[in-house]
Amino acid sequence: MHKELVIVLDFGGQYNQLVARRVRECNVYCEIYSYKTDLAKIQEMRPKGIILTGGPNSCYEEGAPACDKALFKMGIPILGLCYGAQVMMHVLGGTVEKAPVREYGKTNVHVNPLSALFSDVPEDTVCWMSHFDYISKTAPGFDVCAHTSECPVAAAENPSEKLYAIQFHPEVLHTQYGTKMLSNFVYNVCGCSGDWRMDAYVEQQIEALRDKIGSGRVLCALSGGVDSSVAAVLLSKAIGSQLTCVFVDHGLLRKNEGDEVEAVFGPDGDYDLNFIRVNAQERFYEKLSGVEEPEAKRKIIGEEFIRVFEQEAKKIGKVDFLVQGTIYPDVVESGLGGESAVIKSHHNVGGLPDTVDFKEIIEPLRDLFKDEVRKVGLELGIPEYLVFRQPFPGPGLGIRIIGEINAEKVRIVQDADAIYREEIAKAGLDKAINQYFAALTNMRSVGVMGDERTYDYAVALRAVKTIDFMTAESAEIPFSVLQTVMTRIINEVRGVNRVLYDLTSKPPGTIEFE
Ligand code: XMP
C-alpha cells in the first residue's frame, strides 16, 4: 500500500479533519491521532512528518494540552499550526501570551519566500487568522519567516531541526496559498514523493480484499447512496459472485429511485453482482400506520430495515463477512482514529443485524474521506450522477412527510420532489446547492382551483448551502425558479394547493423536517 505517512496530532481544533484532507489532496496519506499518543507509537509508525493542529486552549495555562519536548528531538519534521505553533514555541523555550489584539478572519500576511514553507508563495498574501494568544518571543534557534500588522510571528522556522510553526490556518481555504504551504511542508521539508493516489489505491485495495476474503461469502446492504455503492462495486471487482448485495426498497425512496438503483446494480446493470431487491413497501407502511412521532417513525423504519435485511440474509445462508460503509470521519469522530478499532454500529438506516451469522465486518472505505470515496467511485466507473448524489437520509421520505405516513402522501412528496429537482437542475443550480428537496407538511388549507374550493396539502421546499451539514444556510434561489416549481407542483401533483419555501437556517432548524 502507500508507504508514506504524515500524522496529524489533534489538539482539539475545529479544523483537524481539514488538515488531514488537505495533506491528502497533496497526494500524501495522512492520519489523525490524539496529541496524547505515545512517542514510541509515533516512532513505530515512522511518519515522514507530523502536523500539530490548532486547539481552543492557552498553552501556558495549567492543564492545557501539551506535548513532550522529546517529540521535537526525534528528527521527524514537525509543523505546528495555531495552537500547535504556540505549543511548539512554549515547550522549546519561547514565549506565548495573550495578544493585545485578537486577530480573526482574513488577514494580510508578509512571508519570507526563501523559507521552504513559502516557496512559490507571493510575499504578500492573505491568510486566515483565529487566535487570542500570540508568540511574543520565538524559541532559541527559530527565525521569524512571516508577520502581519498585528502579529510579529505569523510563522517561524528552525530549518536545521526541520521545525516549523505557523500562527494562521493554511488548511482553511481562505488562506490563499494554504494548500501550497502544506504541500511545501510535506514535499520540501518532509521529502515525501506523493504516493497516495486513488487509482493505485483502488488496485491495492482490490488485491487486499481478495487476500482477506479468499473464497468466503460476503453480504452487503446496498442503499444506492454513495458509500454503499462504492463499497459494493469495489468488492464486486475484487470477488465477483462471492458478493451478494441486498437492496431494501422501503417505499420511502425518491421517485423512481428503486428502479434507478436496480438499473445500475441489478442483472441488467453494469456490474456482475448478485443483486437482491426486496420490495418491502407494504410492510413498512403497515408498521408506520398511525404513527406520528418523528423518533418513533425513525425507530420503526430502522428496525424494520434490519428485520427485512436479516430475513434475506438467512435465505442466503451462512456468510463470512458483512460489509459496512464506515468512512474515515466516522472513525475519527468515534474516538480518534487508529487509537482503538472502533466499529461504528450505526450506519445510515439503523445498524447491523445482530442475528446474522457472520465472522467479521469488512469496512473497505474506512481510510477515506468523502471526497476520496467519490474519487474511488469515479475510478470504478460508477456513473457521475450516483457518485455526486446529494445526501439522502436512511429513513428517506419518512422524515420528509410530517406526521403520519401513507402511500398517498409518499406519492405526493415523490412527485413534488421530482419536479423540484428537475427545475433546480434545469436552472443549473444543482452543483451550487448542497442539499435540496420537497417535504410534505401536515398542513391542509383552503384554496381555489378553477371555480372549485380545494382543501389540500402544503408542500415545503428546502434548499441549503452547507460545508459540513452541521450548520447550514437557506439557499437563495431566484424567485422565477421558485415560481416555476410552484406552478408545476400545483398543476401536476394532485392533492397540493400551496407551496412554501423554508428560509430557516441550521441552527435553529435542522436540514430535514423531522
Ligand atoms: P439534520 O436534519 O440533522 O440533517 O440537519 C443533517 C444531514 O444528515 C442527514 N440525515 C440523516 N442521514 N440517517 C441518515 O443517513 C438519518 O437518520 C438522517 N437524518 C438526517 C440529512 O439529510 C442531512 O444531510
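**Exercise 1.** In this predicted model, determine whether Lys 162 counts as buried, exposed or partly exposed, and describe its backbone.

*Solution.* The relative accessibility of Lys 162 is 37%. Buried requires under 20% and exposed over 50%, so Lys 162 counts as partly exposed. Lys 162 is found in the loop between strand E8 (155-158) and strand E9 (163-166). Its phi is near 60°, a positive value in a residue other than glycine. Most residues other than glycine have a negative phi.

**Exercise 2.** Locate Arg 46 and state its phi and exposure.

*Solution.* Arg 46 belongs to the loop that joins helix H2 (39-45) and strand E3 (49-52). Although Arg 46 is not a glycine, its phi is positive, about 50°. With a relative accessible area of 69%, Arg 46 is exposed.

**Exercise 3.** Establish whether Arg 374 has a salt bridge, and describe its surroundings.

*Solution.* Begin with position: Arg 374 lies in helix H11 (residues 370-379). The buried residues of this helix are Glu 372, Val 373, Arg 374, Val 376 and Gly 377. Their cover includes helix H1 (16-25), helix H5 (198-213), helix H6 (226-239) and helix H12 (384-387). Next, consider charge. The nearest side chain of opposite charge to Arg 374 is that of Asp 227, 7.1 Å away. A salt bridge requires a distance within 4 Å; Arg 374 therefore has none, although it is buried. Finally, when neighbours within four places in sequence are set aside, Arg 374 is in contact with Val 226, Val 387, Phe 388 and Arg 389. Just after H11, Gly 381 takes a positive phi of about 80°.

**Exercise 4.** Identify the residues closest to the ligand and give the distances of its polar contacts with Arg 298, Gly 394 and Gln 435.

*Solution.* The ligand is surrounded by 13 residues, of which the closest are Arg 298, Gln 435, Lys 506, Ile 511 and Glu 512. A polar side-chain atom of Arg 298 is 2.5 Å from a ligand oxygen. For Gln 435, an N or O atom of the side chain is 2.7 Å from an oxygen atom of the ligand. Gly 394 uses a backbone N or O atom, 3.2 Å from a ligand oxygen. Of the 500 Å² of accessible area that the ligand has on its own, the protein covers 74%.

**Exercise 5.** Classify the peptide bonds from Lys 506 to Pro 507 and from Pro 507 to Pro 508 as cis or trans.

*Solution.* From Lys 506 to Pro 507, omega is near -15°, and the bond is cis. From Pro 507 to Pro 508, omega is near 10°, and this bond is cis. Pro 507 lies in the segment after strand E18 (496-501). Most peptide bonds are trans.

Note on methods:
Residues are numbered from 1 along each chain as its sequence is written. This is a predicted model: local features need pLDDT of at least 70, side-chain atom pairs count only at pLDDT 80 or more; totals for chains, interfaces and linings use all residues. Side-chain values use heavy atoms; hydrogens and water are left out. Helices (H or I, at least four residues) and strands (E, at least two) are DSSP runs, numbered from the N terminus. Buried means under 20% relative accessible area, exposed over 50%, partly exposed in between (1.4 Å probe, protein chains only). Lys and Arg count as positive and Asp and Glu as negative; His and the chain ends are not counted. Contact means heavy atoms within 4.5 Å. A residue is near a molecule or strand if one of its heavy atoms lies within 4 Å of it. A polar contact is a pair of N or O atoms within 3.5 Å; within protein, one must be able to donate a hydrogen and the other to accept it, and residues adjacent in sequence count only if both atoms are side-chain atoms. Accessible areas come from the Shrake-Rupley method with a 1.4 Å probe; for residues, only the protein chains shown count as cover.
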